[in-house]
Every structure is written in structure tokens, then in C-alpha cells.
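User: I've just opened this one and I'd like to go through it step by step. Can you help me reason it out?

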Amino acid sequence: MIQVRLAKTKRGSLRYCSSSGHAFFARKGSDIVCAAVSTLLRTTLLLLQEKKDLEVEVSLQKRGELFFKIINAEDESSLDFLQFAYAFLEKGLQSIEKDYPKHLSIAFFIE
């Protein structure tokens, strides 16, 4: 099972996301649950890394693990972007979890 921990600030901005495990829905290379979760997380991370006014800590320790954390957001537009990023991940992951509850588990936090 893929386990995702998603945290936001009290203002609703993305704080961090961690993902570990494997979906085991299908064999490696054919797993649609893994592909969907990976696409959401990696695309969000790429967009965060492209924003010049954000500082993001990233850890990719081994296959099946991803962690990223917002270290610094300097201006109001960054905070708006981080609110959208959180909402995007929350809705997308919840949709996958609803359809594949035996393969994805999400825990939500407020920091």
C-alpha cells in the first residue's frame, strides 16, 4: 500500500508531503495506482521547484519513497500557489483513495 502524509499550514498552504510504499495493484510497470499517485506528486514537486521564490527540501532516498517540504515562501503569491498546490494534491489523492482504498492511504495534518 502507498502511504501518503500531506500537511498544510493553518492558512491552508502546502507544508510537506511524504509518500512511501507500493500500491501492488498490478505488476511493476503496469500499476495504474502507482502511476496516478506518482504523477500527482512529481508534477507538484516540479512546479514547486520551478518557483524562484520558494525554497523546497527534497528527499528521494529509494524507489517508492518521496518527501518534499516547503522551507521558505517569501511572498503572498507563493502562499496563494501553495494553497492551490495543497488543494490539488488533496483532491487528486482523495479521488484515487476512494477508488482504490486497498492500495492508497492518506493521512492529513495541520502544522
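User: How are helix 1 and helix 2 oriented to each other, roughly parallel or roughly antiparallel?
Analyst: Keep in mind that this is a predicted model. Two packed helices get described by the angle between their axes and the distance between the axes. Here helix 1 (residues 32-50) and helix 2 (residues 76-99) pack at about 175°, with axes 10 Å apart. Angles over 145 degrees count as roughly antiparallel, so helix 1 and helix 2 are roughly antiparallel.

User: What kinds of residues make up the contact of helix 1 with helix 2?
Analyst: Helix 1 brings residues including Val33, Leu40, Thr44 and Leu48. From helix 2 come, among them, Phe81, Phe88, Gly92 and Ile96. Sort the residues of this contact by type and you get 14 nonpolar, 2 polar and no charged.

User: Next, the sheet. Which strands stand at its edges?
Analyst: The sheet is open, has 5 strands and shows mixed pairing, and the order is 3-4-2-1-5. An edge strand has a single partner strand, so one side of it is left without a neighbour in the sheet. That fits strand 3 (54-59) and strand 5 (104-110).

User: By how many degrees are neighbouring strands of this sheet turned against each other on average?
Analyst: For this value, the direction of the strands is ignored. The average turn between neighbours in the sheet is then 15°.

User: Which residue in strand 4 stands opposite serine 18?
Analyst: Strand 2 (residues 14-20) and strand 4 (residues 65-73) run antiparallel, and 5 bridges join them. Across from serine 18, in strand 4, you'll find phenylalanine 67.

User: What angle does the direction of helix 2 make with that of strand 5?
Analyst: Both helices have contacts with the sheet, so let's take them in turn. Helix 1 lies across strand 1 (2-8), strand 2, strand 3, strand 4 and strand 5, and runs at about 25° to strand 4. Helix 2 packs on the sheet too, touching strand 1, strand 2, strand 3, strand 4 and strand 5, and with strand 5 its direction makes an angle of about 150°.

User: On to charges. Which residue forms a salt bridge with arginine 11?
Analyst: The whole structure has 4 salt bridges. In this one the closest N and O atoms are 3.0 Å apart. Arginine 11 sits in the loop between strand 1 and strand 2, while its partner is in helix 2, 65 residues apart. At 45% relative accessibility that partner counts as partly exposed, and its name is glutamate 76.

User: How many residues apart in sequence are the parts tied together by arginine 15 and glutamate 111?
Analyst: These two form a salt bridge, with the closest N and O atoms 4.0 Å apart. Arginine 15 lies in strand 2 and glutamate 111 in the segment after strand 5, so the tied parts are separated in sequence by 96 residues.

User: Aspartate 53: buried or exposed?
Analyst: The side chain of aspartate 53 meets that of lysine 51 in a salt bridge (3.9 Å, N to O). Lysine 51, at 23% relative accessibility, counts as partly exposed. Buried means under 20%, and aspartate 53 has a relative accessible area of 16%, so it is buried.

User: And which residues does histidine 103 touch?
Analyst: Histidine 103 lies in the loop between helix 2 and strand 5. With a relative accessible area of 17%, histidine 103 is buried. Leaving out residues up to four places away in sequence, histidine 103 touches Met1, Ile2, Ala23, Phe24, Phe25 and Val33.

Definitions and conventions
Residues are numbered from 1 along each chain as its sequence is written. This is a predicted model: local features need pLDDT of at least 70, side-chain atom pairs count only at pLDDT 80 or more; totals for chains, interfaces and linings use all residues. Side-chain values use heavy atoms; hydrogens and water are left out. Axes are lines fitted to C-alpha atoms, for helices over the stretch in contact, and angles run from 0 to 180 degrees between N-to-C directions. Helices (H or I, at least four residues) and strands (E, at least two) are DSSP runs, numbered from the N terminus. Angles under 35 degrees count as roughly parallel, over 145 as roughly antiparallel, 65 to 115 as roughly perpendicular and the rest as oblique. Contact means heavy atoms within 4.5 Å. Ala, Val, Leu, Ile, Met, Phe, Trp, Tyr, Cys and Pro count as nonpolar, Asp, Glu, Lys and Arg as charged, and the others, Gly among them, as polar. Two strands pair if DSSP finds at least two bridges between them. Buried means under 20% relative accessible area, exposed over 50%, partly exposed in between (1.4 Å probe, protein chains only).
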